[in-house]
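Dear colleague,

I am handing over the structure we spoke about, and I would be glad if you could keep it open beside this message while you read. My notes come after it.

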Amino acid sequence: MKITRLLLASTLLATAVQAEELSFDFKDPKGVNHIVFTMDAPLESISGTANGITGTISADPNEPEEIEGKIVVDAKSLSVPNPVMQEHMLGADWLDTAKHPEITFEITEVLNPKKQGNEGTADIKGTFTLKGVAKEITVPAKVTYLPGRLADRTNGQMQGDLLVVRTNFQLNRGDFGIKAGEALDKVSDTINVSLAIAGAAPKK
Amino acid sequence: MNLFRLILRLLALFVLTTCVAWWFFAGADRGWTKTYVTRSAVDEVTGISYDIREDRFVPGMDFLVAGCGLSFALVAASFLPLLWSKHKL
C-alpha cells in the first residue's frame, strides 16, 4: 500500500515538473533576434531591419495554447540603409520615435495550436501597438522548443532551454496613423513584417 | 573672365566623371544610396537566419542624379558672366 502511494506521489510530482511554465527572455546579446520589414517603393523596395528586441514569453512546452507575454521593439533600432530615409522614417511625420519609442505586441490568445514534437504552429492573437495606436491583430506563428540548448548558445556558461518564434504578417501603415492615405506613390501602405526571435529560459 | 568659365567647366567635367565612375565601379546600383550593406548568416543553434551589417558606401541613382545636377549647375554658372556682360551693354 505504501509503495503504491509512493509511486502515485512520484508520478504526480513528475507531471507537475513536466507541466512547469517557463519564462523565456528575448533580450539577445548575440544580435541574432531581428525583424525584417519591406515596403514597395518606385525605385526599389525599401527593406530594413530592427534588432532592439526585448520582452518575455511564458510558455508551457506541453500546453502551447497557454502562451502569454509581450515582445517590445525599440523603435529607434529600426534601420534602413539609406540615411535620408532613415531620418524620415524615425522622424515626427512617420514613426515619431521621440514620442513613441516602443513598438509592442502583447499576446492575448492562442488560436488553432498544433503541436508535433518540439515544434508547433498557432495563430497568435494580440494587441499590436505602433506609434501609440493599439490594434488587435492575429499572426500565424511557428514555435520551436529547444530543451537544453541554451548551453550551446552560451558556450556552456548557462544551462536552460530556448524558444524560437517565427512569423510573417502584413500591416497597413495607415491603420496606425502613419501618413494614412498619403505618399502612396512613394511608399506602399502595406508593410511586410518577418520576425525570427529566440528566447532563453535559464535553469535556476 | 574666360579663365573663370574654363575653371567652372573643368570642375563640372570633373564632378560628372567622378560621380559616374564612382557609381559604376561601386556596382552600378540602380536603387537608393546606401551607407551599409548586409550579408546573411545562420545561427547554428536556433537556425535563425539573420543579417550582419557592414558599413560601406554604395552610391545609388540619387547620388548619380545629384552629381549630374551639380555638374549641370556648374556649366550653367559658367554662362552667367557672359549674361552679365551682355546685360551691362
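What follows is a walk through the two chains, the contacts between charged side chains and a few backbone details.

Please bear in mind throughout that this is a predicted model.

Chain A

The secondary structure of chain A consists of three helices and ten strands, and their order along the sequence reads α-β-β-β-β-β-α-β-β-β-α-β-β. Taken along the principal axes, the C-alpha atoms of this chain fill a box of roughly 80 × 35 × 30 Å, and of the 204 residues in chain A, 43% are buried.

Strand 1 of chain A (22–25) is a convenient place to begin. Which of its side chains are buried, and which are not? A:Leu22 and A:Phe24 point to one face and are buried, whereas A:Ser23 and A:Asp25 point to the other face and are not. This is the pattern to expect, because side chains in a regular strand alternate between the two faces of the sheet. Strand 1 of chain A runs antiparallel to strand 4 of chain A (residues 53–60), to which it is joined by four bridges, and within this pairing A:Phe24 has A:Ile57 as its bridge partner.

Just ahead of that strand, in the loop that follows helix 1 (2–18) of chain A, sits A:Glu21. Together with A:Glu63, A:Glu65, A:Glu66 and A:Glu68, A:Glu21 forms a negative patch on the surface. The relative accessible area of A:Glu21 is 44%, so this residue is classed as partly exposed, given that the partly exposed class runs from 20% to 50%.

Two residues of chain A deserve a look if you check backbone angles. A:Asp96 has a positive phi of about 50 degrees although it is not a glycine; A:Asp96 lies in the loop between helix 2 (83–90) and strand 6 (102–116) of chain A, and its relative accessibility of 12% makes it buried. A:Ala183, which is not a glycine either, has a positive phi of about 55 degrees; A:Ala183 belongs to the loop between strand 9 (160–172) and strand 10 (190–202) of chain A and, at 23% relative accessibility, counts as partly exposed.

Salt bridges

How many salt bridges does the structure hold over all chains? The count is eleven, and I describe some of them here.

One of them joins the side chains of B:Asp43 and A:Lys30, at 3.3 Å from N to O. This pair crosses between chains, with B:Asp43 in the loop between strand 1 (34–42) and strand 2 (49–58) of chain B, and A:Lys30 in the loop between strand 1 and strand 2 (34–39) of chain A. The two partners differ in how they are covered: B:Asp43 is buried, with a relative accessible area of 5%, while A:Lys30 is partly exposed at 48%. Both residues also belong to a network of salt bridges that links them with A:Asp28 and A:Arg153.

Within chain A, the side chains of A:Arg149 and A:Asp152 meet in a salt bridge at 2.5 Å, N to O. A:Arg149 is partly exposed, with a relative accessible area of 30%, and A:Asp152 is likewise partly exposed, at 43% relative accessibility.

Within chain B, a salt bridge is formed by B:Arg56 and B:Glu54, with 4.0 Å from N to O. B:Arg56 counts as partly exposed at 47% relative accessibility, and B:Glu54 is partly exposed with a relative accessible area of 31%.

Chain B

Strand 1 and strand 2 of chain B run antiparallel and are joined by eight bridges, and B:Arg39 stands opposite B:Ile52 of strand 2 in this pairing. The two strands form a hairpin with six residues between them, where B:Gly47 takes a positive phi near 80 degrees.

The surface of this chain also carries a nonpolar patch, made of B:Leu3, B:Leu6, B:Ile7, B:Leu10 and B:Leu13, with about 510 Å² of accessible area together. Of these residues, B:Leu13 is found in helix 1 of chain B (residues 2–25).

With best regards

Notes: Residues are numbered from 1 along each chain as its sequence is written. Chains are lettered from A and ligands numbered from 1 in the order in which they are written. This is a predicted model: local features need pLDDT of at least 70, side-chain atom pairs count only at pLDDT 80 or more; totals for chains, interfaces and linings use all residues. Side-chain values use heavy atoms; hydrogens and water are left out. Patches are made of residues with over 30% relative accessible area and no salt bridge: like charges are joined within 9 Å, nonpolar side chains (Val, Leu, Ile, Met, Phe, Trp, Tyr) within 5 Å. Accessible areas come from the Shrake-Rupley method with a 1.4 Å probe; for residues, only the protein chains shown count as cover. Lys and Arg count as positive and Asp and Glu as negative; His and the chain ends are not counted. The place of a charge is taken as NZ of Lys, CZ of Arg, CG of Asp or CD of Glu. Buried means under 20% relative accessible area, exposed over 50%, partly exposed in between (1.4 Å probe, protein chains only). Two strands pair if DSSP finds at least two bridges between them.
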